[in-house]
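Hi there,

Here is the structure I promised to pass on to you. Please have a look at it first, and then read on for what turned up.

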Amino acid sequence: MAKRKYNRESEGMICIPQSPFTEFGIPKLPPVRKRALAVKTVQAIAALPYMPDVSWGENRYNLAKDMFLLSFALVGMNSVDLYNCDCIEDGRITYRRTKVTGRRADGAEISIRIEPEILPLVEKYRDPAGERVFKFHRMYATPNTFNCAINRGLKKIGAENGVNVEDLEFYAARHSWATIAVNVAGINKYAVHEALNHVSGEMKVTDIYIKKDYSLIDEANRKVLDCVNLKL
């Protein structure tokens, strides 16, 4: 960056002649760990009984179960977006995906229809003041502490018989939705890409011309939930 800024090769002005990085190669990143769960494992998490509310650790267990299922049924919604989202209208939650909002011309906005089976969990955690969709900002100081509490609870859930997932993490809900969508529900990868609200360098120009059709996401999510058949 310094060479591009200060050197003027066309004028013979080379303020920085050295190129210390020409012989340096960036190591390849290790493959991303696959965190997707099978349909029966997601069903097993849904079937787990709640723990009595007698200690903070057990509250985390109950919270983790609910948040995993809530995220899954809301097309892999991240914890920071569950924490921050503030628009619920006409049976839909609309938000801007925090992770990529600065890299998208549309602010990474997405709208997810609340399906009937997940409505009880949505209502269970609604913000009574209506400042945001959910009350998590009243329960936890920051999105990070909220996410940490979820993941601590998921470690216990992962160790349960029938679940048996080592180091279960919250992001597995998102991975699981995507994998089940493609491999079980038979949804094409473009629709999954749209549903996950991913950034695509190849489609940036095309996306300028295409109006967002949330019905495609609604149909994809309905197919996934029908395949999993959650008993909540």
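Of the 232 residues in this protein, 41% count as buried. Please keep in mind that the model is a predicted one. The accessible surface of the protein amounts to about 13,600 Å², and carbon and sulfur atoms hold 55% of that area.

On to the secondary structure. The protein has eleven helices and three strands. Reading from the N terminus, the order of elements is α-α-α-α-β-β-β-α-α-α-α-α-α-α, so you will meet four helices, then the three strands in a row, and then the remaining helices.

As for how the chain packs against itself, I looked at contacts with a separation of 6 or more. Residues 24 or more positions apart make up 60% of those contacts in the protein.

You may also wonder about the cysteines. How many disulfides does the structure hold? There are zero. Cys85 takes part in none: its nearest cysteine sulfur belongs to Cys87 and lies 8.9 Å away. A disulfide would need the two sulfur atoms within 2.5 Å, so this pair does not qualify. Cys87 is likewise in no disulfide, with the sulfur of Cys85 as its nearest cysteine sulfur.

Is each of these two cysteines buried or exposed? Cys85 is buried, because its relative accessible area of 3% falls under the 20% cut-off. Cys87, at 27% relative accessibility, counts as partly exposed.

Enjoy exploring the model, and write back with any questions.

Best wishes

Key
Residues numbered from 1 in each chain as written. Predicted model: local features only at pLDDT ≥ 70, side-chain atom pairs only at ≥ 80, totals over all residues. Heavy atoms only, no water. Helix = DSSP H or I, 4+ residues; strand = E, 2+ residues; numbered from the N terminus. Buried < 20%, exposed > 50% of the residue type's maximum accessible area, 1.4 Å probe, protein only. Contact = heavy atoms within 4.5 Å. Areas by Shrake-Rupley, 256 points an atom, 1.4 Å probe, with all protein chains shown as cover.
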